[in-house]
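This report describes selected features of a single protein model. Please consult the sequence and the structure shown below while reading.

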Amino acid sequence: MPIVFNFLGELRSEHQLLQTVDLGNVNVEGRTRILCEVWHDSESNLFVALTLPFSEDESVVRDHLQSALKQLERRWAAVL
């Protein structure tokens, strides 16, 4: 499955992000790719948005992401 990766550079506002990122009909027909958009702001925050080619209940996805975040926080705390 192809992965489309777009690095958008520095975006200063949500308005600028919405103008830059136009998902349009990505993954609507055929669901044939993963779309990854990455950008940062002027405060050194990194943002990653994924559009995945499947549907799932929001609570299931949230639980998986929260679990992954906890693992990352534990690993990061061990490094510091």
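Which residue does W39 stand opposite in strand 3? In this predicted model, the residue of strand 3 that stands opposite W39 is F47.

**The sheet**

Strands of a sheet pair through backbone hydrogen bonds, either parallel or antiparallel. Here, three strands form an open sheet in the order 1-2-3, and the pairing is mixed. Strand 1 (3–10) and strand 3 are the edge strands, each of them pairing on one side only. On average, neighbouring strands of this sheet are turned by 15° against each other, direction ignored. Between strand 2 and strand 3 the pairing is antiparallel and extends over six bridges.

**The aromatic pair**

A pair of aromatic rings is described by the distance of the centres and the angle of the planes. One aromatic pair is found when the whole structure is searched. The partners are W39 and F47: their ring centres lie 5.6 Å apart and their planes meet at 10°, so the pair counts as stacked. The stacking assignment follows because planes under 30 degrees apart fall into that class. The two partners differ in burial class: W39 is buried, with a relative accessibility of 12%, whereas F47 is partly exposed at 33%.

**E37 in strand 2**

E37 belongs to strand 2 (residues 34–40). Its relative accessible area is 8%, so E37 is classed as buried. The E37 side chain makes a polar contact with the side chain of N6, at 3.0 Å.

**D41 in the following loop**

D41 lies in the loop between strand 2 and strand 3 (46–51). Why does D41 count as buried? The relative accessibility of D41 is 17%, and the buried class applies because its limit is under 20%. The side chain of D41 reaches two backbone nitrogens, that of E43 at 2.9 Å and that of N45 at 2.9 Å. When residues up to four places away in sequence are not counted, D41 touches E10, L11 and F47. F47 is thus named both in the contacts of D41 and in the stacked pair with W39.

**Polar contacts of the two acidic side chains**

| Side chain | Partner | Distance |
|---|---|---|
| E37 | N6, side chain | 3.0 Å |
| D41 | E43, backbone nitrogen | 2.9 Å |
| D41 | N45, backbone nitrogen | 2.9 Å |

In summary, E37 is buried and contacts the side chain of N6, D41 is buried and reaches the backbone nitrogens of E43 and N45, and W39 stands opposite F47.

Conventions:
Residues numbered from 1 in each chain as written. Predicted model: local features only at pLDDT ≥ 70, side-chain atom pairs only at ≥ 80, totals over all residues. Heavy atoms only, no water. Helix = DSSP H or I, 4+ residues; strand = E, 2+ residues; numbered from the N terminus. Buried < 20%, exposed > 50% of the residue type's maximum accessible area, 1.4 Å probe, protein only. Polar contact = N/O pair within 3.5 Å; in protein donor to acceptor, adjacent residues only side chain to side chain. Contact = heavy atoms within 4.5 Å. Phe/Tyr/Trp six-rings, centres within 6.5 Å; stacked < 30°, edge-to-face > 60°. Pairing = 2+ DSSP bridges. Axes fitted to C-alpha atoms, helices over the stretch in contact; angles between N-to-C directions.
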